[in-house]
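Dear colleague,

Here is the structure I said I would pass on. My notes on its core, its surface and its cysteines follow below.

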Amino acid sequence: MRFHVTIRKIKISGSDIIKLTQLEKNRTAVKEKIVEAALSALPIAVIVLLMCLMVTPMRPDLLLCFLIGAVMLVVGMGLFSLGAEQSMTPIGSKIGTALTRTKNMPLILGVSFLLGFAITVAEPDLQVLAQTVPHIKSSVLLVTVGAGVGLFMAICMLRILTGASLRWILIVCYTLIFVLAAFTDRDFLCIAFDSGGVTTGPMTVPFILAMGLGVSKVRSDDRAEADSFGLVALCSIGPILSVLLLGFFSSGGSAVVDISAASYDSTVGIGRAFLAAIPVYMKEMAVAMLPIVAIFLVFQLALLRLSRRSLVKILIGILYTYVGLVLFLTGVNIGFSALGAELGVALAGSMSWLLIPLAMLLGWFIISAEPAVGVLEKQIEEVSAGAIPGRAIKLSLSVAISLSMGISMLRVLTGISILWFLVPGYALALGLSFFVPDIYTAIAFDSGGVASGPMTATFMLQFVMGASIAVGGNVLRDAFGVVAMVAMLPLLSIQAVGFIYEFKAKHTSAVETYGDFDIIELWEETGA
């Protein structure tokens with residue numbers, strides 16, 4: 001018998017190796033982002049499962065929807081985070097730099113407004129809030145909030161270019177906010193402050209920070225890098241003002257909040273519900289992201305002229321973002337949020353004493369597992385040259401968010417107005433800004449956007465709404481506002497940590513000061 005063996009030579013070019021390496025990097029990056037998203041959602045999922053299995057019974061179909069929704073949320077947030085890094089961050093940075101170099105102020109402000117508007121409308125946290133609010137049409141709230149962010153995005157660019165003081169801008173803006181809050185419709189008050197928290201989410205924050213950094217690179221003075229912080233803080237103000245103004249021209253009327261969850265008689269019915277929702281959100285997200293893509297392509301043709309490789313990478317990032325958003329919104333709206341509302345109703349009806357400690361426990365784990373907190377820790381460690389450790393930041397944020405969740409549930413049970421907490425809270429935060437370096441104030445106000453992540457806008461808001469309905473409260477005035485509380489308390493905790501460490505640094509410097517001719521012994525004397 002004869003065997004014929006054919007050996008073929010396979011040529012692998014350098015470009016093929018680069019493509020294979022890039023593909024491997026993408027797979028690794030996707031895996032890392034999905035793991036980060038899983039760590040963010042896992043604590044809530046475990047606590048909720050334990051509550052449903054051991055304390056409060058729930059319908060099996062509702063629990064299954066929750067588990068499927070949680071998986072879709074994790075995968076969606078993972079893809080979305082990777083896409084935002086690969087597309088929104090470079091787009092923001094490159095457009096910011098290109099705009100500034102034109103030295104055309106009307107063009108800079110106009111494009112900043114358009115970009116702020118477009119990026120906000122596609123923000124997943126805002127999409128969830130807009131579909132939850134009963135008395136304002138979803139499209140109206142999206143346009144109102146988008147316009148507010150766009151306006152303050154233009155103000156941010158103007159501040160970076162002129163070097164105006166962030167502290168005084170914040171003081172003037174929040175004074176105006178609380179003056180308007182005293183006269184606006186009560187049903188719009190909590191929605192306004194919640195809007196400010198949800199707009200600075202995982203899509204908006206990377207874009208805004210990158211655009212600010214791109215603009216600041218053109219400046220060469222010492223304060224340029226510091227002035228690139230605080231953009232998230234200012235862009236949070238725009239939605240609050242715009243929704244408060246909307247309250248003067250629109251009425252809440254007799255809006256009724258409906259948190260009832262659909263009932264499914266089989267697993268096939270659950271599957272069909274998820275499959276039916278995907279095309280709906282595909283269309284919505286395509287419309288929401290189209291302006292961002294269009295503006296980027298116009299800049300690519302007119303000013304940027306990126307290489308083919310860079311352009312393809314950004315377009316792939318946009319695709320990741322789109323797919324992630326569709327999966328995220330489908331999982332949240334069909335399966336994840338419904339169980340939160342039902343759990344709130346069940347606990348308020350039978351074990352209301354458990355609501356506050358459970359809310360505080362969930363708040364602690366939400367912020368501890370939030371991926372964006374790691375970014376904030378590194379940012380503060382770099383600014384303080386390692387003087388403030390990351391553990392101190394994470395601990396202060398955990399305490400702040402835990403307290404904010406407890407206060408939110410306390411408001412549900414007692415009906416205390418949110419202004420009793422927001423007015424003194426922001427007054428104290430602005431007062432602290434006079435005693436800490438400007439950079440800490442900017443980072444503190446930026447941290448509100450980091451803290452009010454996807455978990456707060458999805459599960460926790462629904463949980464609080466369910467409890468409010470069960471105790472017979474006013475959902476619009478008592479339940480909404482949880483995101484606002486989460487966005488406010490980090491302003492105090494971060495500045496307090498900055499103040500403590502600055503005081504320690506000055507005290508240490510004052511004690512350990514030596515003259516040029518002092519003799520310093522570097523050994524210890526030991527007894528005989």
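**Core, surface and cysteines**

Leaving aside neighbours within four places in sequence, phenylalanine 459 is in contact with Ile44, Val48, Phe66, Phe336, Gly340, Leu343 and Leu362. Please keep in mind that this is a predicted model.

Phe459 also stands out in the largest nonpolar core, which has 166 residues: together with Phe463 and Phe480, Phe459 touches the most other members. Helix α2, residues 60–102, gives the most to this core, with 16 residues. Another core lies apart from it and has five residues, including Ala29, Leu79, Leu82 and Tyr320. As general background, nonpolar side chains tend to be buried together in soluble globular proteins.

On the surface there is a nonpolar patch of about 600 Å², made by Leu42, Val46, Leu50, Leu53, Met54 and Val55. Of these, Val46 has its place in helix α1, which covers residues 14–54. Valine 46 counts as partly exposed because its relative accessibility is 40%, and the range for that class runs from 20% to 50%.

How many disulfides are there? The count comes to zero, with the cut-off set at 2.5 Å between cysteine sulfur atoms. For cysteine 156, the closest cysteine sulfur is that of cysteine 235, at 3.9 Å, so the two are too far apart for a bond. Cysteine 156 is buried, with a relative accessible area of 1%. Cysteine 190 also counts as buried, because its relative accessibility is 2%, and the limit for buried is under 20%.

Regards

Notes: Residues are numbered from 1 along each chain as its sequence is written. This is a predicted model: local features need pLDDT of at least 70, side-chain atom pairs count only at pLDDT 80 or more; totals for chains, interfaces and linings use all residues. Side-chain values use heavy atoms; hydrogens and water are left out. Patches are made of residues with over 30% relative accessible area and no salt bridge: like charges are joined within 9 Å, nonpolar side chains (Val, Leu, Ile, Met, Phe, Trp, Tyr) within 5 Å. Accessible areas come from the Shrake-Rupley method with a 1.4 Å probe; for residues, only the protein chains shown count as cover. A salt bridge is a side-chain nitrogen of Lys or Arg within 4 Å of a carboxyl oxygen of Asp or Glu. Helices (H or I, at least four residues) and strands (E, at least two) are DSSP runs, numbered from the N terminus. Buried means under 20% relative accessible area, exposed over 50%, partly exposed in between (1.4 Å probe, protein chains only). A nonpolar core is a set of buried Ala, Val, Leu, Ile, Met, Phe, Trp, Tyr and Cys residues joined through side-chain atoms within 4.5 Å. Contact means heavy atoms within 4.5 Å.
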